[in-house]
Each structure stands twice: as C-alpha cells, then as structure tokens.
Protein chains: 2
Amino acid sequence: MSDFSFTIEHTDGASRAGVFTTPHGRVDTPAFMAVGTLATVKALDPDDLRAMGAQMILGNAYHLHLRPGDETIRDLGGLHAFMAWDGPVLTDSGGFQVFSLEGLRTVSEDGVEFRSHLDGSLRAFSPESVMRIERNLGADVIMQFDHVIPGQSDEPTARDASERSLRWLARCAAEVGRWEPGGSGAEQALFPIVQGGIHESLRRAAARSIRDSGDWIGYGIGGLSVGEAKPEMYRILGVVDSELPRDRPRYLMGVGFPEDLVEGVRRGVDLFDCVAPTRMGRNGAAFTRDGRLNIKRAEFRLDKRPLDEDCDCSACRRFARAYIRHLFMADEILGLRLLSLHNVHFLVRLMRDARTAIRDGTSDAWSRDWLARYQSRPVTSE
Amino acid sequence: MSDFSFTIEHTDGASRAGVFTTPHGRVDTPAFMAVGTLATVKALDPDDLRAMGAQMILGNAYHLHLRPGDETIRDLGGLHAFMAWDGPVLTDSGGFQVFSLEGLRTVSEDGVEFRSHLDGSLRAFSPESVMRIERNLGADVIMQFDHVIPGQSDEPTARDASERSLRWLARCAAEVGRWEPGGSGAEQALFPIVQGGIHESLRRAAARSIRDSGDWIGYGIGGLSVGEAKPEMYRILGVVDSELPRDRPRYLMGVGFPEDLVEGVRRGVDLFDCVAPTRMGRNGAAFTRDGRLNIKRAEFRLDKRPLDEDCDCSACRRFARAYIRHLFMADEILGLRLLSLHNVHFLVRLMRDARTAIRDGTSDAWSRDWLARYQSRPVTSE
C-alpha cells in the first residue's frame, strides 16, 4: 500500500487534470510549486502560500545540506516541521546546483566533487549520499541525483550525461531500497529524471530505460530551460510526453515562466517549479495578464490600479501600483513580499485556470487565448 | 461635535485604562503604536498588525514629504488608503528628524532649513508648512512642529527650544484654524508637544502654557529618550503627569523599550511609539519575558523552543528558534519579518496586559513583577 496515488480526472488533448496524493496531502494538477530553496519561499510566509492555494512546495538538497545542514533539519523533525509547512514537499537533488558551479567541480562515475559556494570547502555528492541527504530532509518526493548539462550540449556530451544519470538512478534506487521501512517517518517517493538534452533519440532512450527499470510513482523531466531555445524545449516535451506512462505525474523541473507553464500543460506536464516568480518579484517585475510590468517605472508613480486588474491576490486586492512602486523606491521589505506574493499567486492561479479549462474541454482555446493576450503587448523592460 | 473622544474606564494609581476614539476607530489605552516611517511598518504587512491587535500606527511627515511626497499621497487618497490601513494613524511632525540632521540644518524663528538626507537638496520646514504636509497625509492625529534638542541640554538651551516650540504651536494651530472644515476629509486632531528637556521648571511651564492655550484633544510629551538617563526620564514623566489634564490622552513620543512602557504607564502615559521593535528585529534581537535574546547566537542552533514560551504571536506559535536563526544566518527575508512581528506583538500585548492589570486594580504589583522578571537575567548581548 503506497501513501501516493495519482488520479487523472479529465484529459483534453495531451493536457490532464489530476490529483496527486502524497503523505502530506493532495495536489490538484497541473500545479506550480513555489521554490523554498533554503526552507523558505523567499520573502513569503507559509501562511501566504496557503492563502493563495499553493499546495506543494520545494526545498533544495544542495543548499540545505550546506546550511543549516540536513542532519540539523532531521534533528529538528524534518523539513515540514522545520519550516512549518504541513503540505506536500519535494526536494531537488542538488544536481542542477552542483553542475552550475562551473570550474568548482569534478565529475566522475562515482559522483561529483565540488566546492561549497559559501566557504569554498571541498564536498562530494554521490547518488547514495544525496539520497541520505534527501532522507534526512524528509520531503514527500525526492528527486534522483542526476548529471545536468547546458541546454545546447552536443549529442556525445548529452549521451554521456544521460547514461550516467540512468546509472545513478539505479544507485539511488538501491540506496532507498536499503532503508528501513518507515525509518524516516512517512514514505518518500523517488522520482527518476529524464535527461538527454535537446536530442530526441536520447530523450526517447532515457524515457524508455527509466520506464523499463521500475514502476515509478512519478517522473521528472530535467535539463530543459537551461539555455536551449524555447521551441527546442517544446519539441522535447512532446517527445517525452509520448514516451512516459500516461498514468503517472510528470514534473518539468525548473520551469518556469507563465508562457512555459501554458505550453507545458499542452504537452502533458503536471508539475512545475521555478524561482522566477520570487526572483523577478524581488527585482520589481510583476506578471500580469498583459505581460510583465516593471513596477519601478516612473509611469506608475500615481497609478491607482492594482498590479493586474484581473488578479485577486492579497496584494492586488489592497494596494495600488503607486504604493508598491513607492515601497521599491524606498527599499522597503514589504515591496519584495508583495511582488513575490503576486507572482507566485499568478502562477498558482494560472494552473488552477488551466485545470478548469481541461475539465471543461476548452483547454486548447483557453491556452491560445491566454498566450495571445499575454504576448500581445510589448514586454515592459525589466 | 468632535470625531474624537477619550474615555477613562479605570484608574489605578497614576495609571489609566481608557478608550481613545478617532475618525478611523478606537484605540484601547495604554497602547503601543508601531512606526510606519515610510507608510509601511518595516518588514510587516498591515494584516500582520491587525492580526496581533495593533490599533493605531504612525507615519512620518519628514520621510513621507521627501518620498513619495505628501502631495502624491494626498492625490492617492491619503495615508490610510495609500498603505491600506483603515485604523487610526498619527503623523509625527518631522521635528525629531530635522533636528537629528546635525550640521545639515539652520534653525530660525521662522522654521528650519535643512538638507534632505536623500539627495542633499535644500528644504525648509515651518510650523505652517508642516501642518500642510500633515494635512496632505491625512492622519487622524497630527503632531505640532517642535524644536527638539538633545536630552542632556542645559537649561538655557532647553528653555529656548521649549519656548520656541510653544510659539510654533500657536502658528500650527492658526494654520489648522484657517483650513476649510472637512477640507481634507476626516477631522484631524492637532496634538501639542510638551518640551523642556530634563528641567522640571521648564516642563511645568511648558505644560501649563499649553494647557492654558487651548482645549487640546491630546498631548504629546517630546524630547525624552533622546540621550538623557532613564531616571531623568521617569522623573520628568512624573512632573508632566501632574501638570497635564487627566481627562486627555498623553502620548510619550519615541518611547520605547518594554521597560520604558511599563514605567510610562505607571506615570500616566496612554500612548507610546518607537522603531525599536522593528529595528531590533531586523538586527536579530527579540524581546522575551526574560529579557532580550539574540537569535544569531550558536546556542540556538538546535533549539526547538519558540522565541518566547509565553508568547502567542504567529512566529512563536509556528517556528522554533533554530528555524528563525537559520533564516538570519542565510539572510532570508522571512527572518526579518518574523522577529519584527514578534517584537511589535510583544509591545502590543504588553500594553493589553497593562490595561487588564489597571482594570483589575493590580497594576502596581503587575508592573513590579513584570520588571523584576524582565530584568532578572543578564541581557543576551545583541
């Protein structure tokens, strides 16, 4: 008996509306997961996330291993208790982070040696050690340790990384298989990650190999939105969609922007995550139905309208653009919070709206209309 | 018919429990008012303040005049609408700020010339111009423009500043008297400010002069907690208490720390404000019933207890010291918010508890016990 299940309630083309159930509750899919890198979604309170209807959030194994330490979090009751989030949590394996440390790392078949971005100390991640870190953190979904490469990598490079990721998946699964049942409390679902860069044959091979290697609770799609052109990403998503089991949730890692979510849902993706809404929010950029808006621009000095007139987030219900602009010009912390809150809400609600459209069988028209309006005006420079 | 009233419900020695009614609602006194210098209580959301039971907050005329401009705020509907706070608001006159700009200002009988701390531009405040700024901001209570001096100033210096403040009060009142009734929306109450440094005779003379000059809705007590010793402040409070009308609210400006609030209530003060709870919070210091605590200390690394085991704020109800310490070590914004929230809640609740003790006739024992416990342990270094 698994604590996990995935039920598809409606399909519309390749799009799916489902319910992913975890030991810490349900996630209505498609869903955007806010990123709590260091056990906090930057500038937000867990209550903000609950109030906007966010159901599942992320933590990051690399960052939490370094600070405050995964053993510290284990001793404090695990990530859920630590950050006062009783809903579902997923932890990234740190693959993306350690492979982003250009010049600071050495890859071998065993794993990766790297230097901490905090103090330069020498560290090593292996598939086994990352699993133990993710066990200590105690998230509901734990991602395999994978070899991430730049989006434009050539075929031999992409093949090497993808095949290594498959071998590392087997080692991750073996490590998880050695754990005492219930040893870390609730059950944890190990998600494999499909790699292969922008090379269709590699993506197919990876998806098939993973599919044939086990009955996975869900599937990650990695190595996208890492520098490749957007049409490449959409093409690869279509390939992966056709190869992965349809009855399991698919998680497109590190994606993304509103238009990427809409395009991803059209290609059968169920889960997304990205730091964009909070990072952009801290820089003064807000998503709106009509594209992005830079709140620092002088044109908003006396603007009494909310960030987005169609938005029902707690920033838009209360504050004018003029006020939020003032907060940014005066370096006030509330400004960072309000734009972060608005942007995360924007993506959470976007996925709720997508779900409704799928249920109604109107998702194709809905997504085309949505994209046309979002892209109709020149994007306000950030 | 005034939109303002003050009803004393209970007295206990010099302490009073009352209700101060304003056009934007009631304030149960004694009360601590959180400071929203730039139209935001730093790191907090208005909803946080409402949730903790804060009733009245401050804005600052000097800061808001410079940024975003008082006329901008007027055009956006006034301070209440601008910052989405529909409760009572008080604005400080900027006296304290411009007199803090050592070397950057010139005082004359007409007013003060100073340079903006933002861009060095030459500016001038007069009693009349400050009243117009405070009218534009639209707070319920507006403070007179006064001449603020260091706490240790000698008698001639203090006399000069106090007498100038009295002449400026007359000019402030004359300016307010010229306003169209209801011209800026709701009625605004001009509070005079008793100055006089640490010199008893000057304080008595100022209080009597103000009392004799009009039937004021409330009274400010200024120029304390500006460098003088605490016993001097308490002595002067006792003097002013005996000179001001007992049936009006007294506001001790810029004070203060928990112990100052308890001592102030014992001397008939009804309203307090201070940036200490938010400023200290952003620096990692938390008020607790047993004194201050510096959350960054290593001893809290694995501490599962809340900041203060007696506290029911939304930080203490949810988070361990270990988590909040982690947020500070990782420079996460949520840490600033949680400590600011806890500290403001601490003072708001302290005044609620004082009110209860006054009602019960136990305020003398309550305040002695409170101070003994708060001061019983060595203060954790900040």
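**Entry 1. Strands 7, 8 and 9 of chain B**

I began with strand 8 of chain B, where I found four bridges to strand 9 (residues 122-125) of chain B, the two strands running antiparallel. I looked up one pair and noted that B:F114 has B:R123 in strand 9 as its bridge partner. Six residues lie between strand 8 and strand 9 of chain B, and the two strands form a hairpin. In that turn, I recorded a positive phi of about 75° for B:G120. I note here that the model is predicted.

I then turned to strand 7 (residues 105-107) of chain B, which pairs with strand 8 of chain B over three bridges, in the antiparallel sense. Here I noted B:E113 of strand 8 as the bridge partner of B:T106. A hairpin of four residues joins strand 7 to strand 8 in chain B.

Which side chains of strand 8 of chain B are buried, and which are not? I found that the side chains alternate along residues 112-115. B:V112 and B:F114 point to one face and are buried. B:E113 and B:R115 point to the other face and are not buried.

**Entry 2. Strands 16 and 17**

I looked next at strand 16 (residues 285-288) of chain B, and found both of its faces covered. B:A285 and B:F287 lie on one side, B:A286 and B:T288 on the other, and all are buried. Strand 16 of chain B is joined to strand 17 (residues 291-294) of chain B by four bridges, and the two run antiparallel. I recorded that B:A285 stands opposite B:N294 of strand 17. The two strands of chain B form a hairpin, with two residues between them.

I also looked up A:N294, which lies in strand 17 (residues 291-294) of chain A. Is A:N294 buried or exposed? Its relative accessible area is 11%, so I entered A:N294 as buried. The side chain of A:N294 reaches the backbone nitrogen of A:K296 at 2.9 Å.

**Entry 3. Helices 10 and 12 of chain B**

I examined helix 10 (residues 258-266) of chain B and found it mostly covered, with eight of its nine residues buried. Among the buried residues are B:P258, B:L261, B:V262 and B:V265. The list also includes B:E259, B:D260 and B:E263. Just after helix 10 of chain B, I noted that B:G268 takes a positive phi of about 80°.

Helix 12 (residues 321-329) of chain B is likewise mostly covered, with eight of its nine residues buried. I listed B:Y323, B:I324, B:L327 and B:F328 among the buried residues. B:R321, B:R325 and B:H326 are also among them.

What covers the buried residues of helix 12 of chain B? From chain A, I found that the cover includes helix 2 (61-66) and helix 4 (78-82). From chain B, the cover includes helix 11 (276-282), strand 17 and helix 13 (333-359). Just after helix 12 of chain B, B:D331 takes a positive phi of about 55°.

**Entry 4. Cysteines**

How many disulfides are there over all chains? I counted zero disulfides, taking a pair of cysteine sulfur atoms within 2.5 Å as the rule. I then checked A:C313, whose closest cysteine sulfur is that of A:C311, at 3.7 Å; this is too far for a bond. A:C313 has 1% relative accessibility and counts as buried.

In chain B, I checked B:C316, which is in no disulfide. The nearest cysteine sulfur is that of B:C311, 3.8 Å away. B:C316 is buried as well, with a relative accessible area of 9%.

**Entry 5. The two chains together**

I superposed chain A on chain B and noted a rotation of 180° with 0.0 Å of shift along its axis, at an RMSD of 0.0 Å. The two copies are therefore related as by a two-fold rotation axis. In chain A, the C-alpha nearest the axis belongs to A:I333, and its distance from the axis is 3.8 Å.

Why do I say that the copies meet through the same surface? I say this because 100% of the interface residues of chain A are also interface residues in chain B.

**Entry 6. Confidence in the model**

Lastly, I looked up the scores of the prediction. Chain A averages a pLDDT of 95, and 97% of the residues score at least 70. I recorded an ipTM of 0.96 and a pTM of 0.96 for the model.

Technical notes:
Residues numbered from 1 in each chain as written. Chains lettered and ligands numbered in written order. Heavy atoms only, no water. Buried < 20%, exposed > 50% of the residue type's maximum accessible area, 1.4 Å probe, protein only. Polar contact = N/O pair within 3.5 Å; in protein donor to acceptor, adjacent residues only side chain to side chain. Least-squares fit on C-alpha atoms with pLDDT ≥ 70 in both. Contact = heavy atoms within 4.5 Å. pLDDT = per-residue confidence, 0-100. Pairing = 2+ DSSP bridges.
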